[in-house]
Amino acid sequence: MKLTITRFAPEGLPSAEVTKSLSTDRRSASYKLEHFHISGFGAVPREMLAYGGAQWEDVIVTNWPAEVKSPFGVFPVLHIKTADGRELRLSESNVIEHYLAKQFGLLGENEWEKLQIKTFYSSSLYLRERLTMR
């Protein structure tokens, strides 16, 4: 099987422009989450999108890789339509979860809270990996 790596952002768009798009009016962005229909996979981003009151679409991928292309050929993929109309993509559960946590103010209000949240998150990832490797 041949995998094609696709770009995250539109061709020729500098990272400074992407950053500007992501930081403007976060509440008016819309999202589409593509994931496999496997118990637990994609659950955390779905919960975070619901918690944040985001406008979002849940897409279950059933015919991969023919159905959709993803960055690095992995899922889940979060499609972000920013307030200024740019369409961006993120892949990998950890990256998507961190991005959404930051967007919806779930990373703590001070350094100590941030460290405690990161500690809990790291432990939960360890458990998730062990449970899915069985």
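Visitor: How much surface does the chain expose, and what share comes from carbon and sulfur atoms?
Guide: The chain exposes about 9000 Å². Carbon and sulfur atoms supply 56% of that area. Keep in mind that this is a predicted model.

Visitor: And what share of the residues is buried?
Guide: Buried residues make up 31% of the 134 residues in the chain.

Visitor: OK, what is the chain built from?
Guide: There are 4 helices and 4 strands. Starting at the N terminus, the order is α-β-α-β-β-β-α-α.

Visitor: What about contacts between residues far apart in the sequence?
Guide: Take the contacts with a separation of 6 or more. Residues 24 or more positions apart account for 61% of them.

Visitor: Let's do the sheet. What is the strand order?
Guide: The order is S2-S1-S3-S4. The sheet is open, has 4 strands and shows mixed pairing.

Visitor: Which strands are at the edges?
Guide: Strand S2 (55–61) and strand S4 (87–91). Each of them pairs on one side only. From one strand to the next, the twist averages 20 degrees.

Visitor: Mixed pairing, you said. Do S1 and S2 run parallel or antiparallel?
Guide: S1 and S2 run parallel, joined by 7 bridges. S1 also pairs with S3, in the antiparallel sense, over 5 bridges.

Visitor: What holds paired strands together in general?
Guide: Strands of a sheet pair through backbone hydrogen bonds.

Visitor: Which residues stand opposite Lys32?
Guide: In S2, Lys32 stands opposite Glu57. In S3, Lys32 stands opposite His79. Glu34 also has a residue opposite in S3, namely Val77.

Visitor: How many residues of S1 are buried?
Guide: 5 of the 7 residues of S1 are buried, so the strand is largely enclosed by the rest of the structure. For S3 the count is 4 of the 5 residues, so S3 is also largely enclosed.

Visitor: How does S3 pair with S4?
Guide: Strand S3 (residues 77–81) and S4 run antiparallel, with 5 bridges joining them. One pair to look at is Leu78 and its bridge partner in S4, Leu90.

Visitor: What sits between those two strands?
Guide: The hairpin of S3 and S4 has 5 residues between the strands. In this hairpin, Gly85 takes a positive phi near 90 degrees.

Visitor: Which other residues have a positive phi?
Guide: Glu92 is one of them, at about 85 degrees, although it is not a glycine. Gly105, just after H3, takes a positive phi of about 70 degrees.

Visitor: Where is Glu92, then?
Guide: Glu92 is in the loop between S4 and H3. Glu92 is partly exposed, because its relative accessible area of 39% falls between the 20% and 50% cut-offs.

Visitor: Switching to peptide bonds. Which one is cis?
Guide: The bond from Phe75 to Pro76 is cis, with omega near 5 degrees. Pro76 is found in the loop between S2 and S3.

Visitor: Now helices. Where does H3 pack?
Guide: Helix H3 (residues 93–103) packs on the sheet. H3 touches strand S1 (30–36), S3 and S4. The direction of H3 makes about 125 degrees with that of S4.

Visitor: Which residues of H3 are buried?
Guide: Ser93, Ile96, Glu97, Tyr99, Leu100, Ala101 and Gln103.

Visitor: What covers them?
Guide: The cover for the buried residues of H3 includes helix H1 (15–23), helix H2 (43–51) and H4. Strands S1, S3 and S4 are also part of that cover.

Visitor: Tell me about H4. What span should it have?
Guide: Helix H4 (residues 111–132) has 22 residues, and at 1.5 Å a residue they should span 32 Å. The end C-alpha atoms of H4 are 31 Å apart, which agrees.

Visitor: What caps its N-terminal end?
Guide: Asn110 caps the N-terminal end of H4. A side-chain oxygen of Asn110 lies 3.1 Å from the backbone nitrogen of Trp112.

Terms used
Residues numbered from 1 in each chain as written. Predicted model: local features only at pLDDT ≥ 70, side-chain atom pairs only at ≥ 80, totals over all residues. Heavy atoms only, no water. Buried < 20%, exposed > 50% of the residue type's maximum accessible area, 1.4 Å probe, protein only. Contact = heavy atoms within 4.5 Å. Areas by Shrake-Rupley, 256 points an atom, 1.4 Å probe, with all protein chains shown as cover. Expected span 1.5 Å × (residues − 1). Polar contact = N/O pair within 3.5 Å; in protein donor to acceptor, adjacent residues only side chain to side chain. Pairing = 2+ DSSP bridges. Axes fitted to C-alpha atoms, helices over the stretch in contact; angles between N-to-C directions.
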